[in-house]
Amino acid sequence: MKKYSSKRSIQILAHLLQQYGISDIIVSPGSRNAPLAIHFSEIDSFNCYSIVDERSAAFVGVGMAMSEKKPVAITCTSGSAAANYYPAVTEAFYSNIPLLILTADRPMDYVDIFDGQTIRQNNIFHQHSYGDFQLLEDGKENAEDHNFGIIKTAIELCIEKQGPVHINIPLEEPLYELISELPTFPTVEKTIRQKEYEIPSHLVAEWNTSQRIMILVGTKDHSPELENQLTQLVKNHTVVVLSEANSNLYHEKFFRHIDRYVFNFTEEDFKMYAPDLLITVGQNVVSKKVKQFLRKAKPKQHWHLDPVWQPDTYFALTEKIEVKPEAFFSKLLNFINLEPRPYFNLWDVLRDKKDAKHEKFLNSVDFSDFYFFHKTTQTVPENYNIHFSNSSAIRYAQLFDYGKRRIYCNRGTSGIDGSTSTAMGFAIKNAGPTLLITGDLSFFYDINGLWNQYIPPFVRIIIFNNGEGNIFKIIPGPGNANPNTLDEFIATKHHKNAEHLAKHFGFSYTKVDEEVTLDRVLENFFKPDTQPKILEVNTQAMHNADIQKAYFNFLKEN
């Protein structure tokens, strides 16, 4: 016999989640949220997942929502449990990932009287959410009507904004009163707004009179429609399209390795290659070098296309176009001319030169992080979704060609926390196999990302372990510190490996530390198995930062 919570607020919440098709719920254990866990787990249309660590659980929710492209609910007990959600909430906020945060709480009268596990939870996420809502306890006047309206508003906001929304749920004791039959609630009339877009005539005029048009695409889910639209714009050399690995766009005429081309621009180059019309699409751009270029280039016009975010990243924003880029370009293509522009050929000559240098360097590079990343482009099967951790991993990825593989990275806040948990959440909900390529610090920082009983056997993790945060040996600045200070407090040098962790969490484990073994192991690494696998590529003995610096110095040469 099924047993449901007697709490009316929870019954209403479950009903509305069902009405809006929200079926995935991540539950972290606790007593105050036990009524939610009991209730949700008894409803057949919900898929409930138990993840103990709230910080990891929230990132698992980010990964699931990233994969499913619909809201995922996460629920925890009161107190510091809710605060542990915060890193993932900020990531979801800046990446527009729909996360519905359901925090159980003590009754409001218990706040700040030193009752156990009680903090100021109401509005705890207000700086990084699209809405913060507080339910009434069941015994309060008009609680049922109030809660029904609040929950409906919160869910629709989460769907409309595609971002995190918080519902705080004060619950009075007793918490474990259960019933065997649910009451009937009315069908919901959905009121989510659909935006219609008509392109202003002045934008068409500005396009047609611009001679140097650049479209820069940042972090974005794969969009066949956008890819086709941008293909129409480049096939006659009408525009320059710059994209990154995690832009998930592919065409031979897109410029997909920005850092190869702009890293050594002089003041004269800034003027020569600058656009007069810059159109930006998607979220965060990885390349710091292109940000520096465009900030110095000062384009006359900068349009940004996004339904939610309108950041003035390049200090030149002139048009905030609050619409999906697909809707914008579908209108624009009806009115503009697609004549060739010399601006494309200027960039194309630069690309040919730098790409040739890139290929020449690859022929001489020794075993290292750089060699490893090149090898992954040759060996990862095309059906894999690839998640990169932050810092060195995603930066290396920008230098290589991963073809049409889907690329993901937590670039909302660009932190190393949660990379593993996000990838595991994605893998749980995606039909295709998932590979996480992660640095050592990012992996060890998120160990609890593997404390997850739902990880499928086709998950693969490759750790490139250079024994430190090697990014701090690559970027300018940290090298000015005393070497001992740099190693201990910034790069955080270490000698750890993942062998025992892999065994503890049920992964098979292989370690390699030279290229012949790496080449041999990669041949079998992606073959089906009964358990997920970890491959640790130990490059601690290599001068990885020096090799990357040598690469960019080689690109400089004539």
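# Close-up views of a predicted model

**Figure 1. Overall fold of the chain.** The chain comprises 22 helices and 19 strands. Its radius of gyration is 25 Å, close to the 24 Å given by the globule rule for 558 residues, so the chain is as compact as a globular protein of that length. The model shown here, and in each of the following views, is predicted. Along the principal axes, the C-alpha trace extends over about 75 × 60 × 45 Å. Of the 558 residues, 59% count as buried. Among contacts between residues at least 6 apart in sequence, 78% join residues at least 24 apart.

**Figure 2. Surface and charge of the chain.** The chain exposes about 23500 Å², and carbon and sulfur atoms supply 49% of this area. There are 57 positive and 67 negative side chains. The centres of these two sets lie 5 Å apart. A search of the whole structure finds 14 salt bridges; three of the pairs are described in Figures 3 to 5.

**Figure 3. The salt bridge between K2 and D44.** The side chains of K2 and D44 meet in a salt bridge, with an N to O distance of 3.2 Å. This pair links distant parts of the chain, the two residues being 42 residues apart. K2 belongs to the segment before β1 (4–5), whereas D44 lies in the loop between α2 (34–41) and β3 (47–50). The two partners also fall into separate accessibility classes: K2 has a relative accessible area of 31% and is therefore partly exposed, while D44, at 69%, is exposed. The pair does not stand alone, as K2, E42 and D44 are linked in a network of salt bridges.

**Figure 4. A salt bridge within helix α6.** K152 and E156 are joined through their side chains by a salt bridge of 3.3 Å, N to O. Both residues lie in helix α6, where they are four residues apart, about one turn of the helix. K152 is buried, and E156 is buried as well.

**Figure 5. The salt bridge between D529 and K533.** In this pair the closest N and O atoms are 3.9 Å apart. D529 has a relative accessible area of 36% and is partly exposed. K533 has a relative accessibility of 10%; because the limit for a buried residue is under 20%, K533 counts as buried.

**Figure 6. Surroundings of I159 in helix α6.** I159 is found in helix α6, which covers residues 143–161. Its relative accessibility is 22%, so I159 counts as partly exposed. With neighbours within four places in sequence left aside, I159 is in contact with Y20, P71 and I192. Of these partners, Y20 is 139 residues from I159 along the chain, and the C-alpha atoms of I159 and Y20 are separated by 9.2 Å.

**Figure 7. The cis peptide bond between E173 and P174.** Most residues other than glycine have a negative phi, and most peptide bonds are trans. The bond from E173 to P174 is cis, with omega near 5 degrees. P174 is found in the loop between β7 (165–170) and β8 (178–179).

**Figure 8. Positive phi at K69.** K69 is not a glycine, yet its phi is positive, at about 60 degrees. The residue lies in the loop between α3 (54–68) and β4 (72–76). K69 has a relative accessible area of 47% and is therefore partly exposed.

**Figure 9. N246 and N248 in the loop between β10 and α9.** N248 is found in the loop between β10 (240–243) and α9 (258–262), and N246 has its place in the loop between β10 and α9 as well. N248 is not a glycine but has a positive phi of about 55 degrees. N248 counts as buried, with a relative accessibility of 5%. N246 is also buried, with a relative accessible area of 1%. Not counting residues up to four places away in sequence, N246 touches G218, T219, K220, V286, I394, Q398, I407 and R411.

How values were computed:
Residues are numbered from 1 along each chain as its sequence is written. This is a predicted model: local features need pLDDT of at least 70, side-chain atom pairs count only at pLDDT 80 or more; totals for chains, interfaces and linings use all residues. Side-chain values use heavy atoms; hydrogens and water are left out. Buried means under 20% relative accessible area, exposed over 50%, partly exposed in between (1.4 Å probe, protein chains only). Contact means heavy atoms within 4.5 Å. The radius of gyration is taken over C-alpha atoms; the globule rule is 2.2 Å times the number of residues to the power 0.38. Accessible areas come from the Shrake-Rupley method with a 1.4 Å probe; for residues, only the protein chains shown count as cover. Lys and Arg count as positive and Asp and Glu as negative; His and the chain ends are not counted. The place of a charge is taken as NZ of Lys, CZ of Arg, CG of Asp or CD of Glu. A salt bridge is a side-chain nitrogen of Lys or Arg within 4 Å of a carboxyl oxygen of Asp or Glu.
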